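Reader: Hi! Could you walk me through this structure over coffee?
Author: Happy to, let's have a look together.
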Amino acid sequence: MPATPASAAEPDPTPVSHGADWLAGQLTDGLMHNDQFDFDALGLTTDTGLAMAYLDESDTAGDISDALAPRITEYYTYDVANSEGQLVGTHVSAGSLAKAAAFVDAAGDDPTDFGGHDLVAELEDRVSTEPGTEGRIGDVFFPDEPFEADFSNTLGQAFAARALHSEDSELTDSAVDFLLAQQCEEGFFRLSFAPADAAEQGCDDDAGSAPSTDVTALALLNLTALGGYSTGVEDAKAAAIDWLVAAQGADGSFGSDGEITTPNANSTGLAGWALGDAGEADDAATAAAVWLRQHQADDFGPCTTGLSGDTGAIAYDEAALSTGRSEGLDVTVQDQFRRGTAQALPALLWAPAGTYSTEPVSTDGFVRAGSTQPVYADAVAPGQTVCFALGASQTLVHADHDGNAAGTVELPGGSGTRVYDVGLTDGVLGTITFNALAAEKLGLKLKKSKVATKKKQKVVVKGLATGESVRVLYKGKVKDEGTAGGKGRFVTTFKVGKNPGKQKVKVRGEFGNRKAAEKFRVKGR
């Protein structure tokens, strides 16, 4: 069962629901098929199954389990041939075997009898009982052959501890102890083990141990799955939580490690999932969920992009999201989106909902046609995509961690009322209206072509918008100002003064590019 998210705001089920639907739709007969290279990606299938099982998407998890059962050995074994092409033996990946057993158990099936195999017994055969390496998992491999090695690491060790615990294996204690030994003093878990023949097998005995967000998160997830196993496990969890919270970016994101520092969905998803599942870092889990939602395809309503048919998919990073929106998801990027979504989707359980209080808004006064204007929506779900659309013109903005989405739109040319729909995944939330005025030569009529000194001239201005401000200038001074009436007219009179000769009347509308000028003569008496 997934943990119940706890945060200041109620959780929003929408991003998880959309993501689960998208992932399920990516399966072909229960498996993830790589369309680019034409093979069934059993590892990605297993990752997807783990996410679906955690989210209580039991039907999809069951479909995956049923599809994996007859092919399970393809996932954790492969044949090894020598340079002459002769079969040497079968490589057994202890880490893949452990993950498979953990998934089968999470899906509600029996890992001791799955596809004709006892995955737990096979995993126990891969756990060392030798002094010094007791509890350490290891591959069956052939060191004399090229490219062969023991590829087991802390990720597999974490799944092994969980899978053995789920079946009450006598090797659980040693597997858990060896996992805990891979945690460094700073709180993170390293990826690689020490050499099998090293005198010391712990992280703190290896100066080259490097921190990893992904490994620490998966170790924490699997340790949490053990329940109240021991004081040592609880202490390790607390240290891992502290390290992850300290490693989190101000925007809620995580990089993978010292070499991949760029915020990405895979690492942010695993860390957010682990922190939320542990139940002791809800603010950090919520912040991660908001960042993930900012990178989830939810281009719906009045806005359409290349991702509109992939609602729920989670992009690896900002660049992947931008490319997906402009070019869509072809087979060259499909795998990246699938992997990111499988690892990140459970973290969206901690995505807060919005209150959606935005009402239709009309801007006060007038704005220039063709100008850039601010648009906003308040109280939407943090991280949600908000669309501001006027016909084919669209602007997509992600709401911040407070649920505020602020962007800009470029108004079209020409005068007129411009009504932008404010759209969300579920439809149009409201509208924002701009009254735009374009450059224009206004109509200006003077009642008299000649006016005696100290007499009055009447001015009639036409072509204004109703309510548009207008100024009448004579000799560089404002003689009158006001607003146009319902027919776009403004009428005024002023005294021409005592100096005879040619004079000019200028009028200015709301903006300097809306104007007119006419000349007349002031004659002496």
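Author: One term before we start: a disulfide here is a pair of cysteine sulfur atoms within 2.5 Å. Also keep in mind that this is a predicted model.

Reader: Good to know. How many disulfides does the structure hold?
Author: There are 2 disulfides. If you number the bonded cysteines of the protein chain in sequence order, they pair 1-2, 3-4.

Reader: Which cysteines form the disulfide with sulfur atoms 1.5 Å apart?
Author: Those are Cys184 and Cys203. Both cysteines sit in the loop between H8 and H9, 19 residues apart.

Reader: Are Cys184 and Cys203 buried or exposed?
Author: Cys184 is buried, and Cys203 is buried too.

Reader: And what does Cys303 join to?
Author: Cys303 is bonded to Cys387, with an S to S distance of 1.6 Å. That link is right-handed, with 75° about the S-S bond. The pair connects distant parts of the chain, as Cys303 is in the loop between H12 and H13 while Cys387 is in strand E9 (residues 385–390), 84 residues apart. Cys303 and Cys387 are both buried.

Reader: Back to the H8 and H9 loop. Where is Gln183 found?
Author: Gln183 is in the loop between helix H8 (172–181) and helix H9 (213–224). Its relative accessible area is 12%, so Gln183 is buried.

Reader: What does the side chain of Gln183 reach?
Author: The Gln183 side chain reaches the backbone oxygen of Ala236 at 3.0 Å. Leaving out residues up to four places away in sequence, Gln183 touches several residues, including Phe188, Phe189, Asp204 and the disulfide partner Cys203.

Reader: Changing topic: how many salt bridges are there?
Author: The count comes to 10 salt bridges. One of them pairs the side chains of Arg71 and Asp40, at 2.5 Å from N to O. Arg71 lies in the loop between helix H3 (58–68) and helix H4 (72–76) and Asp40 in strand E3 (residues 39–40), so this pair ties together parts that are 31 residues apart in sequence.

Reader: How accessible are Arg71 and Asp40?
Author: Arg71 is partly exposed at 24% relative accessibility, and Asp40 is partly exposed at 25%.

Reader: What about Arg325, which residue is its salt bridge partner?
Author: Arg325 forms a salt bridge with Asp299, their closest N and O atoms being 2.9 Å apart. Arg325 is in helix H13 (residues 318–327) and Asp299 in the loop between helix H12 (282–293) and H13, 26 residues apart, so to speak of distant parts of the chain being linked is fair.

Reader: Why do Arg325 and Asp299 count as buried?
Author: Buried means under 20% relative accessible area. Arg325 is at 15% and Asp299 at 1%, so both count.

Reader: How far apart in helix H10 are Lys237 and Glu234?
Author: They are 3 residues apart in helix H10 (residues 231–247), which means about one helical turn separates them. Their side chains meet in a salt bridge at 3.6 Å, N to O. Lys237 is buried at 8%, whereas Glu234 is partly exposed at 31%.

Reader: Last one: how many residues of H2 are buried?
Author: 12 of the 13 are, so H2 is largely enclosed by the rest of the structure. Helix H2 (residues 42–54) reaches 18 Å from its first C-alpha to its last, close to the 18 Å expected. Just after H2, Asp56 takes a positive phi of about 65°.

Conventions: Residues numbered from 1 in each chain as written. Predicted model: local features only at pLDDT ≥ 70, side-chain atom pairs only at ≥ 80, totals over all residues. Heavy atoms only, no water. Helix = DSSP H or I, 4+ residues; strand = E, 2+ residues; numbered from the N terminus. Buried < 20%, exposed > 50% of the residue type's maximum accessible area, 1.4 Å probe, protein only. Polar contact = N/O pair within 3.5 Å; in protein donor to acceptor, adjacent residues only side chain to side chain. Contact = heavy atoms within 4.5 Å. Expected span 1.5 Å × (residues − 1). Salt bridge = Lys/Arg side-chain N within 4 Å of Asp/Glu carboxyl O.
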